Every structure is written in structure tokens, then in C-alpha cells.
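Hi,

Here is the structure I promised to pass on. Have a look at it first, and then read my notes underneath.

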Amino acid sequence: MNRKNSKVVSYNKWGYIFLIPFIVVYLVFQFIPLVSTVYNSFFENYRSGLTQIGPNFVGLANYAKLITNGDLIQYTKNTMIMWILGFIPQIFFSLLLGAWFTDPSLRLKCQQFFKTVIYLPNLIMASAFAMLFFTLFADSGPVNSILVSMGVISQPFKFMSNIWATRSLVGFMNFIMWFGNTTILLMAGMMGIDQSLFEAAEVDGATSNQVFFRITLPLLRPILVYVLITSLIGGLQMFDVPQILTNGTGDPARTSMTLIMYLNKHLFSKNYGLGGALSVMLFIITGILSMIVFRFSNSKK
Amino acid sequence: MSKKLLSVVLASAMAAGVLAGCGSTPAPAAAPAPAAEEKKEEAPAEEAKEEAPAEEAKEEAPAEAAADEGKVLNIYCWNEEFKSRLTDHYPGYEEVDATNGKIGDVAVKWNITPSTDNAYQNNLDEHLLGQEAAAADDKIDLFLVEADYALKYVDTDYTMPVADLGLTADELANQYKYTQDIMTDSNGALKGVSWQGCPGVLIYNREAAKEVLGSDDPETVQAAVADWDTFVKTAADMKAAGYSVMSSVNDSYRVYSNNVSTPWVVDGKIVIDDNLMKWVDDSKALVDAGETGTHALWSDDWSKGFYPDGKVFAYFGPAWLINFSMAADTEGSIANAGGWGAVEGPQGFFWGGTWIAAAQGTDNPTLVADIMRQLTTNEQIMTDIVKADSDFVNNKPAMEAAAENDEYAFKVLGGQNPLAMFCAGAEKIDLSNLSPYDQGCNEAFQNAMKNYFDGNSTKEEALDIFYKSVVEKYPELTY
């Protein structure tokens with residue numbers, strides 16, 4: 001009896017040993033930074049010129065400052081708007097392309113080629129991509145030259161001085177960069193659906209629209225929820241594209257300033273206190289939004 | 001049993017993997033050793049040859065090192081300007097590659113970080129704060145600062161008084177006083193020197209002047225831009241002929257901001273001077289009339305006017321803008337064809353200026369002192385800089401003599417000699433309203449006001465954005 005027990009325990013031990021690498025990496029790169037961020041958020045700690053101020057314990061003053069100046073709501077709104085502007089076309093085209101690619105009856109040619117091409121924009125560095133758009137859509141950039149010479153507009157259009165033009169450009173860039181990735185994820189989900197269901201539907205005389213909306217979409221729900229949540233978290237952390245496109249200002253009038261760009265502003269003075277408080281609030285916002293999406297998509301059943 | 005063995009092996013492999021991540025440094029060092037030994041055996045003759053000169057060098061080294069301190073000179077700066085000055089004019093400087101040079105047997109290491117987004121200062125600050133702990137060869141020896149943030153470094157212990165380097169007041173007597181005022185700390189010690197003076201002028205496009213004003217003669221042009229009212233009238237004429245009076249509203253910013261009566265920050269509170277609000281109102285009027293743009297300085301849109309197709313009448317700038325930034329080396333630019341002219345413009349101003357400062361703790365004080373001496377006090381070298389690079393140098397008697405001398409005519413200005421104008425301007429520069437916050441405030445003010453000019457926010461909203469972004473940069477300030 002005793003021997004048997006000890007054998008079970010010793011196997012359990014191996015389970016824990018196999019977990020060590022994950023635990024170590026998690027502790028060093030996730031948990032410790034997380035705790036120190038929360039810890040830092042209670043201190044006044046920044047650098048003025050070459051003089052270090054703090055760290056002095058100030059309690060919740062940093063949080064109070066962030067909440068009372070009201071900017072946080074504006075920047076959350078900006079971030080969500082730019083994310084939605086990119087996400088809607090992204091999910092639409094991904095579903096469409098995914099359905100086409102996985103439909104054996106279409107017999108698409110050069111599938112591998114197109115799959116590679118739609119994924120390619122994701123391989124370009126986001127900042128390089130933003131820099132490219134910044135130059136293309138400059139007041140006297142090539143896009144304006146083409147539009148003027150074609151007679152579409154008489155005066156160069158100032159893309160970067162127009163609130164919705166700037167936001168749309170950011171959304172468009174995110175769409176171009178990420179729809180290939182989403183297509184691949186959705187295709188994986190679609191290919192996991194039992195082929196016999198499609199065959200049965202075909203036998204019953206369902207149209208391809210009916211097949212898509214009655215079979216593919218409902219069975220794709222878990223993957224869709226995953227895509228939605230990862231994209232939402234990625235969207236909340238949007239930084240490099242708007243940062244480069246607006247030269248860090250979030251202009252016009254800070255309407256394209258995202259939460260992380262705002263966080264980055266505090267790096268100028270190495271303001272760990274305020275930066276920490278902002279990070280914690282970002283963490284909470286992300287948590288709440290993810291929870292809402294998760295509940296919403298699961299309860300509909 | 002075999003299962004158990006397998007799991008032991010796997011677990012230890014994994015543990016080894018984790019540990020290897022922590023302390024992998026000794027491992028690679030051990031690996032190449034055998035290879036190196038093999039090479040030795042293969043080519044003993046070569047090895048011997050190589051060793052001989054190396055040993056000789058070692059024997060010489062101690063004698064020199066005593067006289068001539070560190071073997072590495074670390075220079076921190078934000079563009080190629082100082083490097084080209086040193087390469088072209090410092091006796092004995094040899095270029096090795098883009099970021100390395102040599103002076104005698106001292107290796108010169110250039111650490112060039114662009115100043116955009118404060119990157120230069122961030123990098124410099126990190127290294128200055130780590131200066132004490134750094135190895136002698138890694139210590140910053142010399143760094144450059146600009147007028148906008150010179151005060152941030154002057155009144156600290158990170159800069160070394162030039163007197164400690166052996167530069168005497170007599171040697172520096174020919175320099176313009178303002179260049180020394182700015183670098184003098186609260187105890188009266190001079191902390192840095194400059195080879196250039198940066199009084200600004202209005203740089204005009206001769207072609208546009210001929211077309212619109214009837215003549216590119218400096219007197220005619222000066223009459224058309226003598227004060228802001230006539231400047232606005234000229235702007236309307238320029239627009240009628242298809243020219244922008246200046247590339248962007250930010251071009252005239254310095255002209256207003258140098259003529260303020262209060263510094264940006266008084267007792268920890270941000271103050272916006274009336275003259276800056278005048279810039280806002282004047283600029284808004286110009287933008288609304290479609291007579292100039294709102295893009296940032298240094299942007300592609302801004303520099304379009306360096307070429308004839310850009311259709312820009314004027315830029316405001318000091319000598320370095322003309323010679324260093326206006327694409328004078330590019331075929332087809334206005335500067336390349338000598339198509340600019342210079343006049344005093346509506347108001348005097350200055351812009352920028354680069355100061356050489358020695359970092360506290362440098363291991364090459366003699367060499368640093370000599371660089372300062374040669375570039376900022378050696379009249380021969382300084383006049384060479386004027387001739388070769390069309391810069392305005394920090395040597396009053398030499399410049400006043402050169403102003404009379406046609407030899408010093410600027411090619412980019414079509415043979416005009418603007419030195420007299422610069423001399424007069426340098427005398428008038430007043431730096432009493434500088435603050436350590438200038439760079440952050442100037443940048444934030446221009447960025448914020450762009451929203452007002454573009455019609456995306458009201459003046460009050462734009463000011464609010466300005467205050468916000470300044471407080472983000474300097475949390476200790478209030479408004």
C-alpha cells in the first residue's frame with residue numbers, strides 16, 4: 001500500500017518539474033513586472049532634467065490625477081474607434097476569403113500564392129508601414145499629386161489635419177496588416193468543421209448563403225470569439241502605427257492619441273508613478289472589455 | 001523503469017535549458033578555443049610575425065599614455081555637423097569610417113543620436129548618469145548641447161568648467177558674449193564653448209523676389225518685409241503670384257519666441273508670453289488666407305521649398321540653416337544654384353547654436369581642451385570654416401573683418417556677403433529669457449497650435465493641449 005502511494009506521488013513530482021520552465025519564465029517576465037508596476041503606481045517618481053524626483057509614496061494620487069483630468073476616456077474612445085475602423089473590414093474580408101479558400105467546390109487556383117500574399121503585409125514592420133503611409137499621404141505626397149492631377153480634387157487634401165482621415169488611415173493600416181492573419185485563423189476553424197455537414201446541406205438543397213450563415217458561422221463561434229478577444233487586446237495596445245503616422249502628437253487635436261501613446265508620453269520624464277498607474281488602469285480596462293466580449297458571445301446560445 | 005529514466009532525462013534536459021538561459025556566457029567562450037588552437041598550429045610563422053609589432057607597440061604605449069591620457073575619445077552629438085567640422089578642420093583628424101575616427105593614436109568614437117523625440121537627450125542622460133561607473137574608455141569625453149536645452153546641463157556637475165581644462169578668459173575674449181552667457185552656470189563658471197554664432201536672417205528666394213517685388217536687391221526686399229504689417233502685405237502679393245510667403249508658420253516661430261519678455265516658466269508655472277500669442281494670431285491670419293502651410297519643421301513638405309518647384313518665398317534661419325540644411329549639395333536646389341538672398345527681416349532673432357561641453361570625468365581632458373581651443377579660438381581654422389562651409393563663426397574681430405571682405409561671399413546666396421548682417425545680429429542676441437524647459441515648450445506649443453491653425457480646435461482648446469503636453473513632459477510644472 002505504502003509503496004503504491006509513493007509511486008503516485010513521484011509521478012506527480014514530474015508533472016511539477018515539467019511546469020518549472022513555464023513558471024520561471026512567467027515569474028521573471030510577467031509576474032514580477034506586473035507587481036512592480038502596481039507597486040510603482042503608488043509613488044511619485046520621475047526625472048526633471050538630470051535630477052531624480054522621488055520615489056515618494058503618494059497613495060492613490062496618481063490614479064486620482066488620471067481620472068480627474070478626463071483624458072483617459074477620450075483616449076480610450078480614440079483607441080476603440082480606430083480599432084473598430086480596422087476590425088470591421090478585417091473580419092468581413094477574412095470571413096469572405098476564408099469561406100472561399102475552404103470551399104472545395106470553387107476550385108480556386110493558386111491558393112498558396114494568394115494565402116502568402118495576403119499574409120505579407122503582416123511581415124512588414126508596423127513602423128515602416130506607418131512611415132510609408134505618412135509619406136504617401138503627406139500634404140504634397142504622391143497620393144495628393146495623383147488625386148490633383150486626375151482632377152478628383154483641386155487642392156491637396158490635408159489627410160493628417162483631418163480627424164476622420166487620420167483615424168481611417170490608422171484603421172486601414174491595421175486592417176491591411178492583420179486581415180491575412182485572421183483569414184488563416186478562420187480557415188483553420190472552417191477546415192475543422194465536419195465535411196459531412198456541408199455535404200448533407202448540399203443534398204438538402206441549401207444555398208451557399210444558407211450554408212455559410214446556418215452551418216459555418218455557428219460552428220465557427222469559438223474561433224470567432226478567440227479572434228475577437230485577441231484582436232481587441234491587440235487593438236487596445238495599438239501604438240506604433242498612430243505614433244509614427246502622427247509623429248507622436250496624436251493630432252489632430254489629440255483625436256488619434258491611443259492609450260499606449262499616452263503612456264509613452266510619460267516616458268519623456270521617466271514618470272514611473274503616473275505611467276504605472278496608467279498601466280494598471282489599462283489592465284483593468286482590458287480585463288473588463290474582454291470579460292464583456294466573452295460573456296456576450298457565450299450567453300447567446 | 002525505462003519510463004522513469006526517460007522522464008529523468010527529459011526533466012534534466014529541460015532544467016538544463018532553463019539554466020542555460022541564465023548563465024550561457026562561459027559556454028560559447030569554451031567552444032571556439034580548440035579552433036583557435038588549430039589555427040595556431042597551422043600558421044606558426046604568421047603568428048610570430050603578427051606578434052612582433054604588437055609587442056613593440058606595447059612597449060611604446062606606457063610612455064605615451066602618461067603624456068596623453070585615455071585612448072578612446074567618446075563624442076555624443078545629434079547630427080553630422082560637428083563631425084564634418086572636426087574632419088575638415090581639426091589638425092590630425094583622420095576618418096576611419098562613419099562612426100570612427102583617429103587623432104594621433106586616440107580612437108574617436110562618434111555616438112550620433114538624432115534629436116527627434118528627445119532621443120538624443122535621453123541617450124545622453126542615461127550615459128551621463130552612468131558616467132561614474134563606466135570604464136575609462138566608455139566615459140563620455142565630449143558632448144554637444146543646443147541653446148534650447150543647454151541650461152539643463154550647464155547648472156549640473158555633469159559638465160566641466162572650461163577653466164579646469166586650461167582654457168583662459170584671454171583665449172576666449174574674441175567670442176561673442178552671448179555664446180558665453182548661456183553656458184555660464186550660477187557660480188559664474190563657463191561650461192562650454194561654441195565655434196558658431198547663430199543670429200538669424202530672412203533668407204529669400206531671388207527668383208520670387210524678382211517676379212513679385214520687381215528686384216532681388218536686398219534693399220527692395222528688406223523694404224517689403226521691414227515689419228510684420230508689410231510682411232503680411234507681401235504675403236498677399238506672393239500668393240497672387242503662386243508663392244507661399246514662407247514654407248510653414250513654424251518658420252517665423254523663432255522670430256517671435258526670441259523677442260519675448262518672460263521665460264516659459266516662472267516659479268514653476270507655465271507662462272505664455274504676449275509675443276507668442278501674437279505669433280498665433282498673425283499665423284492664423286496667414287494660414288486662413290492660404291498664404292503659408294502648417295507642417296512641422298524638417299518635414300518633407302517643409303523642405304519642398306528648397307527647390308524651385310516648392311514655390312516658397314522665404315525661410316527664417318541662421319547661417320547653419322543656409323549652408324547645412326538647405327540641400328546645397330543637391331543638384332537642382334535653389335541653394336545649389338546660388339538662388340537665395342539674405343536680409344534682416346522684420347525682427348532680429350537667433351536659432352540654435354551648438355556648444356561643445358566636456359563631460360565631468362573625461363579621461364581625455366587635454367585632447368578635449370585642444371579641440372575646443374582649435375575650433376573656437378584658432379582664428380585661422382575659424383576663418384577656414386567660414387570659407388569652406390559658409391558658417392558664421394564665434395570670433396568677433398575676425399567676423400567684422402570678414403564682413404568687409406568679398407572673399408567671404410556665400411555661394412548659396414549668389415555671391416552676397418551676409419556676415420555684416422550676422423555681426424549686427426549677434427550683438428543684439430539676448431538670452432536672458434531662456435529656461436531649461438525651452439525645448440519641450442517650443443515643440444509642444446508649435447504642435448498644439450497646429451490644431452488651431454488647421455481649424456481642428458479653438459484657440460482655447462489648442463492652449464489646453466499645449467498645457468497638457470508640457471505637464472506630461474515636466475510633471476513638476478503647473479498652469
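Below is what I found, starting with chain B and ending with the contact between the chains.

Keep in mind that this is a predicted model. Chain B has 479 residues, and 41% of them count as buried. Its secondary structure comes to 21 helices and 14 strands. If you take the contacts in chain B with a separation of 6 or more, 74% of them join residues 24 or more positions apart.

Now for the inside. The largest nonpolar core has 120 residues, and B:Phe143 and B:Ala150 have the most contacts within it. Helix α20 of chain B (residues 438-453) gives this core its largest share, 7 residues. Where does the core lie with respect to domain 1 and domain 2 of chain B? It lies between them, because domain 1 (68-197 + 353-392) and domain 2 (199-351 + 409-473) both give residues to it.

If you want a place to zoom in, try B:Phe143: leaving aside neighbours within four places in sequence, it is in contact with B:Tyr76, B:Cys77, B:Leu124, B:Ala357 and B:Ala359. Apart from this core lies another, of 40 residues, including A:Phe87, A:Phe129, A:Phe133 and A:Met177.

Then there is the contact between the chains, which takes 33 residues from chain B and 31 residues from chain A. On the chain B side, α1 (2-22), α6 (119-129), α14 (300-303), α20 and α21 (459-473) each supply at least two residues. The largest share there, 6 residues, comes from α1(B). By type, that side divides into 11 nonpolar, 10 polar and 12 charged residues.

Cheers

Conventions
Residues numbered from 1 in each chain as written. Chains lettered and ligands numbered in written order. Predicted model: local features only at pLDDT ≥ 70, side-chain atom pairs only at ≥ 80, totals over all residues. Helix = DSSP H or I, 4+ residues; strand = E, 2+ residues; numbered from the N terminus. Buried ≥ 20, exposed ≤ 12 C-beta atoms within 10 Å, placed from the backbone. Contact = placed C-beta atoms within 7 Å. Core = buried A, V, L, I, M, F, W, Y, C linked by C-beta atoms within 7 Å. Domains from an automatic or database assignment. Nonpolar A, V, L, I, M, F, W, Y, C, P; charged D, E, K, R; others polar.
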